[in-house]
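Q: I am new to this structure and would like a close look at a single part of it. Please take one contact between two helices, and then place that part in its surroundings.

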Amino acid sequence: MKHLFFILLCACSSTLFAQNTSNHGNKFEGLGTMLPTPNEYRTASGAPGPKYWQQRCDYDIVCNLDEEKLVLSGKETITYSNNSPDQLTYLWLQLDENEHSSKYNANYQSGSSMQKIESDRVVEQYQKKENDYGDHIHSITDALGKPLKYTINKTMMRVELPTVLKPGQKFIFKIDWDYPITDRMKIGGRGGYEYFPEDGNYLFTITQWYPRLCVYSDFQGWQNNQFTGRGEFALTFGNFKVQMTVPADHVVGATGQCQNYQQVLSPAEFARWQKAQTTKEPLEIITLDEAKAAEKNKSKQKKTWIFKADNVRDFAWTSSRKFVWDGMPAYVEGKKVMCMSFYGKEAYPLYRKYSTKAVAHTIKTYSHFSIPYPYPVAQSVEAANGMEYPMICFNYGRTEKDGTYSEATKYGMLGVVIHEVGHNFFPMIVNSDERQWTWMDEGINSFVEYLTEEMFDNKFPVRGKGPAWAIVDYMKLPKNELEPIMTNSENIVRFGPNAYTKPATGLNILRETIMGRDLFDYAFKEYARRWAFKHPTPADFFRTMNDASAENLDWFWRGWFYGIDPVDISLDSVKHFKPDFANPVAKIDTTIMRSIDRPMPTGKYPQDVSKEHNREDKNITFAVDADTALRDFYWKYSRGMEPYDTTKFAQHITRYDEPMDEATKEKLEGKQFYELQFSNKGGMVMPIIIEWTFKDGTKEVDRIPAQIWRKDENHVTKVFMKDKEVASIKLDPERETADIDESNNSWPTVQTESKFQVFKAKQQTLRSIPNANNPMQKAAEKDKKAF
């Protein structure tokens, strides 16, 4: 027994392994050839290389919106700069409007998620019928008017160059086009119109609307994969000048800065615009009363709005006479950014209170976590959807007809505004290829969205884009229903979890659990800084995160991004050893049972380690605290008490009989030794987080890095020495690792509540709130009848 005791003692700070096979190629093997070979364009550190290059494309567009015929026509002059080392004989352009064409649609029917099946059927019906949708190309000429040969292949158009375009040369050409604007509420799509039969007006969202250059890059040449409606865009940076002729009573919001507000606004409106430049609260430039009056008195005249935008990858705009327009400035590192919102009366109660402030909060928070926002404008447009473009985005959030709104509507609106405005950073500035790797913009952006929501209100309800527990249901699915995050956009079955929530959750696990905030935040900022206004790939992101942190995260990238294994770490056994120098006979005590109090997840929402850290950080001021006007009923409701539950535990005590020297006795007197055996049942390696609850009610947490699994990915045994006797043990107490089975995380075993039990407990809590006007209490009473 003495020999066994000393083995255990020596193991207090190390791990015992049993490994009989080769360990080559395990989960800790470097990514190696899974990543492209570094070169002079992209280095092994993840930074752009000394010979990094990218193309440039400038646009000068004149267009006309015919509201009566629902047609948009335009003429554009394109200046394409070949900064590559290659000679080009043709250019590829995207004709995204052909998505709706019965003739030119890409017609690639990818598998749909259940949420998308119905809308896909509607779109398919439109596409099967003969229609005139899609881009009508009237002419393509060079700068002197000479026709150029072109070929349209579905949603792509190849323009053949009259002579080879050599490195360093520019080519100027012109395109004359038009297309019928589609009803996006019926046939889908990111742009089009919404018709309001109650007042007979339209709201236009003009997106993917002009023939635009594909990206030609060092890592794949032309990105001319067809646009099927799912995988979004890969675009080239450039400068835009756009002139939009619209009905005279329309209000226009667009990428960039308007050059002629004084000509298109009334004197009163222009005066309010000037006053808004220095206001501290959102100021209505077009008021609600003016918008309502415009709905009734439709103008037959026209006005031309002129916008310019520099160093952007795209240009989008909106036009309607229904708009209320408000704005106020925000400041990022001393630079003014004009934050604005456009919305109809249907969204007024929510958007007037929250939208522009949410825009300002978003650009400031994203700037803190990535790079300073570089553009002069940021805008939110209520258009019953969610889509992003440089300096402008389209969101949802309409209230009931009486102006009231539910908690879900409020936080859904705030979430989509933050998400879409946040896309200005990813991918509008850090310009990844959305069509190839959706997660690089949606996943990364969803992660920073989560951080931004947390900074808005520490009780902001989580919607699956950050805390580890929120991805568990997805990770529990059978493996034949999962695919790696690295899956191409067109091949993803469960688009939301795979492209948005799983990558966002993974980054939050890195930040909160694996790397720590300081290391993660520095490396993440370095990635944004290195690749701002450039075209990063996944390898550039993975390598930069490793390089800037001195953490080899290849095991995490391999498991979380390239694999589908879930996390399921099991606490298989616990042995308790206690040295007894007075009794020469070793014995094992019988099992003892007693009860202890144990806290359960707090309040209405499950535990969230990020919220806990943010609440403890005295340097953080939440937006709802800095501006109490943002508080409403739901803010007050969410501040509740924490319920507790009682659990049981078992204890085993072993004493040893061999005598020891006095120095050793003194060192070990009163110590408690616990040998824990773990197994990796899920397959994804992860740190082991152990919460010890002692008999005196105090707690202690040990965090063991994931590298403990390096030599045996399946089983680990580790001995711990404690000063006090342990009452119970729990793995991952804050639910930080996305462990899919909590039933094997405790010693002694704790019965896990089913979702039905949790739901019933929630209803009881709601019904206990003494507020007859509480709509959630009313809902609980309704649920009570159902049970």
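A: The part chosen here is the contact of α11 with α12, two helices that are oblique to each other because angles outside the ranges for roughly parallel, roughly antiparallel and roughly perpendicular count as oblique. The model is predicted. Helix α11 covers residues 495-514 and helix α12 covers residues 517-531. Their axes come within 6 Å and cross at roughly 130°. That angle is not over 145 degrees, the cut-off for roughly antiparallel, and it lies outside 65 to 115, the range for roughly perpendicular, so oblique is the word that remains.

Which residues meet in this contact? On the side of α11 they are Leu507, Leu510, Arg511 and Glu512. On the side of α12 they are Arg517, Phe520 and Asp521. Sorted by kind, the residues of the contact comprise three nonpolar and four charged, with no polar residue.

Another helix, α9, can be set beside this pair. Helix α9 runs over residues 442-456 and has 15 residues. At 1.5 Å a residue α9 should span 21 Å, and its end C-alpha atoms lie 20 Å apart, which agrees. Is α9 mostly covered or mostly open? It is mostly covered, with 15 of its 15 residues buried.

The surroundings also include sheets. One open sheet has four strands in the order β6-β7-β4-β11, with antiparallel pairing. Strands β6 (150-153) and β11 (212-213) stand at its edges; each has a single partner strand, so one side of each is left without a neighbour in the sheet. Inside this order, six bridges join β4 (residues 88-94) to β7 (residues 156-165). Gln94 stands opposite Met156 in β7.

A further open sheet, also of four strands, follows the order β9-β10-β19-β15 and is paired antiparallel. Here β9 (192-196) and β15 (251-254) are the edge strands, and since each has a single partner strand, one side of each is left without a neighbour in the sheet. Ignoring direction, neighbouring strands of this sheet are turned by 10° against each other on average. Three bridges join β10 (residues 201-206) to β19 (residues 317-320), and these two strands run antiparallel. Ile206 stands opposite Trp317 in β19.

These parts belong to a protein with 20 helices and 33 strands. Of its 787 residues, 57% are buried. Among contacts between residues at least 6 apart in sequence, 78% join residues at least 24 apart.

Key. Residues numbered from 1 in each chain as written. Predicted model: local features only at pLDDT ≥ 70, side-chain atom pairs only at ≥ 80, totals over all residues. Heavy atoms only, no water. Pairing = 2+ DSSP bridges. Expected span 1.5 Å × (residues − 1). Buried < 20%, exposed > 50% of the residue type's maximum accessible area, 1.4 Å probe, protein only. Axes fitted to C-alpha atoms, helices over the stretch in contact; angles between N-to-C directions. Parallel < 35°, antiparallel > 145°, perpendicular 65-115°, else oblique. Contact = heavy atoms within 4.5 Å. Nonpolar A, V, L, I, M, F, W, Y, C, P; charged D, E, K, R; others polar.
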